[in-house]
Amino acid sequence: METTEKIVESYCRYVKQLFTIPNIKCKGQYEIDLLAIDTTSTKKLQRYHIECGVSISGSYSKLTAKRFSEKALKTRNKQAEQRRTLGYFIQRKFNVTEVTSELEKYGFVQGNYQKVIVTWGVTPDAKALAEKKNIKIWDFRKLLHEIAEVHKNHKTYFTDDTARTIQLFAKATEYRGL
């Protein structure tokens with residue numbers, strides 16, 4: 001599991017209070033980064049299929065609405081750009097038979113769950129297209145701030161390494177020297 005995925009899982013668990021299932025292997029080379037379920041809803045379960053695509057590389061940090069190409073994805077010098085397109089997530093992460101079949105095993109069927117992309121910024125056109133496609137965009141930077149705020153106020157000792165590290169960092173940001 002990638003570090004960013006662990007942080008997103010920590011956010012879902014400790015900030016949003018969701019039940020999570022990480023890294024679900026699918027047929028072929030596919031994988032679901034994270035499933036999250038809000039079991040506290042009195043009406044029906046709120047389900048989330050979450051995919052992480054966080055890059056801090058200047059030219060490829062933001063999610064874009066540029067055209068996705070399977071052919072370009074297989075070209076070494078074009079892979080990074082392709083993985084930063086909304087089309088990549090739609091075609092390779094959300095709407096692939098290998099993924100949707102696996103989702104069904106967990107009760108995630110078309111229309112009963114929210115698709116979420118976690119990214120380091122998004123272009124306005126990608127954000128508009130995502131809304132049109134009913135895909136939520138979570139900005140990783142905002143998630144980190146929310147996690148830090150929650151952890152600053154909690155005295156809980158986390159045995160989860162990711163949660164503990166974030167908690168210690170959040171507490172350290174309050175330090176102003178002796």
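The following exchange concerns a predicted model and its helices and sheet.

Q: Which strand order does the sheet have?
A: The sheet is open, with 5 strands in the order β1-β2-β3-β4-β5 and mixed pairing.

Q: And which strands are at the edges?
A: β1 (19-25) and β5 (135-139) are the edge strands, each pairing on one side only. From one strand to the next, the twist averages 25 degrees.

Q: Are β3 and β4 parallel or antiparallel?
A: Strand β3 (residues 46-53) pairs with strand β4 (residues 114-119) in the parallel sense, over 6 bridges. Tyrosine 48, for instance, has glutamine 114 in β4 as its bridge partner.

Q: Which strands does α7 touch?
A: Helix α7 (residues 140-152) packs on the sheet and touches β4 and β5. The direction of α7 makes about 60 degrees with that of β5.

Q: What about α7 and α8, at what angle do they pack?
A: The angle between α7 and helix α8 (residues 161-172) is about 80 degrees, and their axes are 8 Å apart. The two helices are therefore roughly perpendicular to each other.

Q: Which residues meet there?
A: Ile147, Ala148, His151 and Lys152 of α7 meet Ala163, Ile166, Gln167, Ala170 and Lys171 of α8. By class, this contact has 5 nonpolar, 2 polar and 2 charged residues.

Q: Changing topic: what span should α1 have?
A: Helix α1 (residues 3-15) has 13 residues, so at 1.5 Å a residue it should span 18 Å. The end C-alpha atoms of α1 are 17 Å apart, which agrees.

Q: Which of its residues are buried?
A: The buried residues of α1 are Thr4, Glu5, Ile7, Val8, Glu9, Ser10, Tyr11 and Cys12.

Q: What follows α1?
A: Glutamine 17 follows α1, and its phi is positive, near 60 degrees.

Notes
Residues are numbered from 1 along each chain as its sequence is written. This is a predicted model: local features need pLDDT of at least 70, side-chain atom pairs count only at pLDDT 80 or more; totals for chains, interfaces and linings use all residues. Side-chain values use heavy atoms; hydrogens and water are left out. Helices (H or I, at least four residues) and strands (E, at least two) are DSSP runs, numbered from the N terminus. The expected span of a helix is 1.5 Å times one less than its number of residues. Buried means under 20% relative accessible area, exposed over 50%, partly exposed in between (1.4 Å probe, protein chains only). Two strands pair if DSSP finds at least two bridges between them. Axes are lines fitted to C-alpha atoms, for helices over the stretch in contact, and angles run from 0 to 180 degrees between N-to-C directions. Contact means heavy atoms within 4.5 Å. Angles under 35 degrees count as roughly parallel, over 145 as roughly antiparallel, 65 to 115 as roughly perpendicular and the rest as oblique. Ala, Val, Leu, Ile, Met, Phe, Trp, Tyr, Cys and Pro count as nonpolar, Asp, Glu, Lys and Arg as charged, and the others, Gly among them, as polar.
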